Amino acid sequence: MHPVAVMLLIFLGVLAVFFLLAALFIAVYIIYPRPRLNATQSILKDAAQGVLRPAALDALPWQSLRVASPNGYGIACSYAVHPHARGTVIFSHGIRQTRYIMAKYALLFYARGFNVLLYDMRFHGESGGRNTTYGYYEKKDLKSLVDWVVQKNGAGHVIGTMGQSLGAATVLQHLAIDDRVDFAIADCPYRDLRILLAEMHLGELYFPAFPTLVLSSCFAWVLARFRFGQVSPLHDIARVETPVLFIHGDADDFVPPAHSLEMYRAKPGVKDIYLAAGAGHALAYNADPARYAARIDAFLARLKL
C-alpha cells in the first residue's frame, strides 16, 4: 500500500477515535451534570442575592415526604399546606440545583393562598435516579406528583406547575401528557435539547456539533435509554391547551430568549410572555422581584384563579 494511503488511513482512524471519545465525554457531561448543589447551598445562593429570607422559608408548615417515581426510585419533597388553599403549585428546579432554589417562588405563591410542593428532580438533591434526561423521564416524575396532589386534595383541586430552566422544560413536556394542570409557568426553558446542545458546542463544550452530537445521542441511549431528539418542548407545546406564562431574561446567554419566544408563538390557546429586562439565565426574578410577581398576578387574574 502506498505510504500516503497508509498515512491517510491512520489519520482517519485517529480522527474517528477522537470523535468517539469526544462524543462519550459529551454524553457523560450532559447526563451526569456536576457539581450538584446541596440544600444549604441552594438556600444560601438566593439569600446572598437578597431574594430569599431563610427565616421566612422556615416559617412555613413544611412536611417532608417521598413520592414513588414510576421510574423506580423515591422523589424527595417538601410540602406546605395553606390554611385557606385555593390550589397547589408544584415547583421544578434547574440543573445542578435542589428543590430549595425554588423556595422564593414557593413563598410568593404561598402568600397568594396556594399550597406549595417543592421536590428534588431525579439525580438531584435527595431524590433517586441514576442520571438526568432533560425532561424525558422527569416529566413522568412530575406526573406522579400531580397524582399525589389529586389524591391528597381531590379531583377538582386547582393545580399549577412552575419550573426554571431544566424544570421549565420538564413542565412543558409534562403538559403534553397530563391535562389535569390548570396553569403553568415556564421560566427560561429550552425549546429543544439538540438545539441547546448545538449552541453549547459553539462555546462551553468546544467540540464541533457534527458528528459529535449524533454520536453523543447514541451514547446517551446506551447510558440512559433516551436520545437527545426525544426532548423537544417546542414539539410538545404545539398541542398543549393549558394556559402557560413564559418568562425569560432578555440578557440570557445560556438559553437565549429566542427559545421561549418560539414556543410562545407555537403554543395554542391562552398564553403570555414576560421578557425581564437585563436579566441573565434564571435571574428574571432576582432582577426585579416586584415586576416578576406583578406579571404572575396578572396571569392568575386573567385565568380567574
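## Packing of helices α5 and α6

In this predicted model, helices α5 and α6 are roughly perpendicular to each other, because their axes meet at an angle of about 70° and angles of 65 to 115 degrees count as roughly perpendicular. The two axes are 8 Å apart. On the α5 side the contact is made by Glu138, Lys139, Leu142, Lys143 and Val146, and these meet Thr170, Val171, Gln173 and His174 in α6. Sorted by class, the residues of this contact comprise three nonpolar, three polar and three charged ones.

## Helix α5: length, burial and end

Helix α5 covers residues 138–153, and its 16 residues should span 22 Å at 1.5 Å a residue; the C-alpha atoms at its ends are 23 Å apart, which agrees with that expectation. Directly after α5 comes Gly154, which has a positive phi, near 100°.

The residues of α5 that are buried are Glu138, Lys139, Asp141, Leu142, Ser144, Leu145, Val146, Trp148 and Val149. Among the elements that cover these buried residues are strands β1, β2, β3, β4 and β5, together with helix α6 (166–175). Glu138, Lys139, Leu142 and Val146 therefore appear both in the list of buried α5 residues and among the residues that α5 brings to its contact with α6. As a general point, an α-helix has 3.6 residues a turn, so residues three or four places apart point the same way.

## The eight-stranded sheet

The strands β1-β2-β4-β3-β5-β6-β7-β8, in that order, make up an open sheet of eight strands with mixed pairing. Its edges are formed by β1 (62–68) and β8 (271–276), each of which pairs on one side only, and from one strand to the next the twist averages 20°.

At the β1 edge, β1 and β2 pair in the antiparallel sense over seven bridges, with Trp62 standing opposite Ala80 in β2. These two strands form a hairpin with five residues between them, and Gly72, in the turn, has a positive phi of about 95°. On from there, β2 and β4 run antiparallel and are joined by four bridges, with Cys77 opposite Tyr119 in β4. The pairing of β3 (residues 88–92) with β4 (residues 115–119) is in the parallel sense, again over four bridges, and here Ile90 stands opposite Leu117 in β4.

## Strand β4 and the helices on the sheet

Strand β4 is mostly covered, since five of its five residues are buried. Burial applies to both faces of the strand: Asn115, Leu117 and Tyr119 lie on one side, Val116 and Leu118 lie on the other, and all are buried.

Helix α4 (residues 103–110) lies across β1, β2 (74–80), β3, β4, β5 (159–164) and β6 (183–187), and runs at about 165° to β4. Helix α10 (residues 258–266) also packs on the sheet, where it touches β7 (244–249) and β8, and its direction makes about 165° with that of β8.

## Backbone features in the loops

Three loops hold backbone geometry that deserves a separate look. In the loop between α1 (3–31) and α2 (39–48) lies Pro35, and the peptide bond that leads to Pro35 from Arg34 is cis, with omega near 0°.

Arg225, found in the loop between α8 (209–224) and α9 (233–237), has a phi near 60°, which is a positive value in a residue other than glycine. Its relative accessible area is 44%, so Arg225 is partly exposed, a class that lies between the cut-offs of under 20% for buried and over 50% for exposed. Ala282, in the loop between β8 and α11 (284–287), likewise has a positive phi near 60° and is a residue other than glycine. At 18% relative accessibility, however, Ala282 counts as buried, because this value is under the 20% cut-off.

Methods. Residues numbered from 1 in each chain as written. Predicted model: local features only at pLDDT ≥ 70, side-chain atom pairs only at ≥ 80, totals over all residues. Heavy atoms only, no water. Pairing = 2+ DSSP bridges. Axes fitted to C-alpha atoms, helices over the stretch in contact; angles between N-to-C directions. Contact = heavy atoms within 4.5 Å. Expected span 1.5 Å × (residues − 1). Buried < 20%, exposed > 50% of the residue type's maximum accessible area, 1.4 Å probe, protein only. Parallel < 35°, antiparallel > 145°, perpendicular 65-115°, else oblique. Nonpolar A, V, L, I, M, F, W, Y, C, P; charged D, E, K, R; others polar.
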